[in-house]
Amino acid sequence: MIYVRDVSLTINKHQILKNVSIEARSGEAVGLVGGNGSGKTMLMKCICGFNSMFTGEIEVLGDRIGKDAEFPKNTGFIIETPGFMLYLSGYENLKLLAGIRKKIGRDEMAAYMELTGLDIGDHKKVKKYSLGMRQRLGLAQALMEEPDILVLDEPFNGLDRQMAEKMRNVLNREKEKGKTILLASHNQKDIECICDRTYEIDGGRIIR
């Protein structure tokens with residue numbers, strides 16, 4: 001599902017990624033662990049097509065990113081802090097995103113908002129959301145179209161303990177459906193509860 005082969009990335013003469021190779025197969029949850037600045041987020045950006053300056057090859061669902069496709073198909077993601085239209089409500093944001101592919105309707109959006117502890121009838125603008133609420137809305141948008149692949153960079157940031165536990169269970173159910181999950185988290189419990197195996201990255205290299 002995800003194949004990364006000898007990927008390197010240099011920005012402003014600084015090498016961010018150094019011959020990185022990883023893979024994640026169907027129905028598998030793979031963890032990326034490493035400290036701040038280790039290269040986890042930049043690797044995920046390359047996989048999702050947000051940075052095409054890399055060398056090597058990234059293949060997602062059979063497409064080579066930057067060659068066959070600019071962005072991976074049928075992939076839900078959270079990279080860093082989810083970005084939304086601040087002067088719209090949570091539902092209005094999801095409705096805009098869902099309008100791109102026209103794959104789901106209001107009922108599906110409502111279900112995933114409820115799953116992440118949000119209310120489709122809440123007209124509060126996203127600019128007034130707490131960090132945790134924005135993160136939950138990010139999870140709702142990543143999940144709502146039932147993608148085959150989830151690429152999640154610190155998806156539980158700002159969530160309280162109860163909601164974080166609930167979302168771990170949600171991701172495990174997604175994995176049971178055959179979804180592929182690539183997860184970066186500083187929380188060892190997230191990795192232990194969700195991931196089948198891990199890659200450790202340090203200084204832009206896979207070290208384990």
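A quick definition before the tour: strands here are DSSP runs of E at least two residues long, numbered from the N terminus, and two of them pair if DSSP finds at least two bridges between them. With that in hand, β4 and β5 form a hairpin with two residues between them. Keep in mind that this is a predicted model. Beyond the hairpin, there's an open sheet of four strands, an open sheet of six strands, a set of packed helices around α2, and a largest pocket holding about 590 Å³ of space.

**The four-strand sheet**

- Reading across this open sheet, the order is β2-β1-β4-β5, and the pairing is antiparallel.
- β2 (14-24) and β5 sit at the edges, each pairing on one side only.
- Seven bridges hold β1 and β2 together in an antiparallel arrangement; to find your place there, look for Y3, which stands opposite E23 in β2.
- On to the next pair: β1 (residues 2-11) and β4 (residues 55-60) share five bridges, again in the antiparallel sense, with S8 standing opposite T55 in β4.
- General background for anyone looking at side chains: in a regular strand they alternate between the two faces of the sheet.

**The β4-β5 hairpin**

- β4 pairs with β5 (residues 63-64) over two bridges, in the antiparallel sense.
- E59 is the residue to look for on the β4 side, as it stands opposite R64 in β5.
- In the turn, L61 has a positive phi of about 50°.

**The six-strand sheet**

- Here the strand order is β6-β7-β8-β3-β9-β10, in an open sheet with mixed pairing.
- The edges belong to β6 and β10 (205-206), each of which pairs on one side only.
- β3 (residues 29-33) and β9 (residues 197-202) run parallel and are joined by four bridges.
- Within that parallel pair, V30 has R197 in β9 as its bridge partner.

**Helix packing around α2**

- α2 packs against α4 at an angle of about 25°, and their axes are 11 Å apart.
- Since angles under 35 degrees count as roughly parallel, that makes α2 roughly parallel to α4.
- The crossing of α2 past α4 is right-handed.
- α2 also meets α3 (residues 106-115): their axes come within 11 Å and cross at roughly 130°.
- That angle makes α2 oblique to α3.
- α2 passes α3 in a right-handed crossing too.

**The largest pocket**

- What volume does the largest pocket have? About 590 Å³ of space lies in it.
- Its lining comes to 25 residues, and T75, F77, L97, Q141 and E145 are the ones nearest the centre.
- Three elements, β6 (75-78), α2 (90-101) and α4 (131-143), each supply at least two lining residues.
- Which of the elements gives the most to the lining? That's α2, with five residues.
- By residue class, the lining divides into 15 nonpolar, seven polar and three charged residues.
- To tie the topics together, β6 is an edge strand of the six-strand sheet and also a contributor to the pocket lining, while α2 and α4, which pack at about 25°, both supply lining residues as well.

Notes: Residues are numbered from 1 along each chain as its sequence is written. This is a predicted model: local features need pLDDT of at least 70, side-chain atom pairs count only at pLDDT 80 or more; totals for chains, interfaces and linings use all residues. Side-chain values use heavy atoms; hydrogens and water are left out. On a 1 Å grid over the protein atoms alone, a cavity is a set of points where a 1.4 Å probe fits but cannot get out, and a pocket is an open set with protein on both sides within 12 Å along at least five of seven lines; lining residues have an atom within 4 Å of a point. Grid points are joined across faces, edges and corners, and a volume is the space filled by probe spheres set on the points. Ala, Val, Leu, Ile, Met, Phe, Trp, Tyr, Cys and Pro count as nonpolar, Asp, Glu, Lys and Arg as charged, and the others, Gly among them, as polar. Axes are lines fitted to C-alpha atoms, for helices over the stretch in contact, and angles run from 0 to 180 degrees between N-to-C directions. Angles under 35 degrees count as roughly parallel, over 145 as roughly antiparallel, 65 to 115 as roughly perpendicular and the rest as oblique. A crossing is left-handed if the near helix is turned anticlockwise from the far one by less than a right angle, and right-handed if clockwise.
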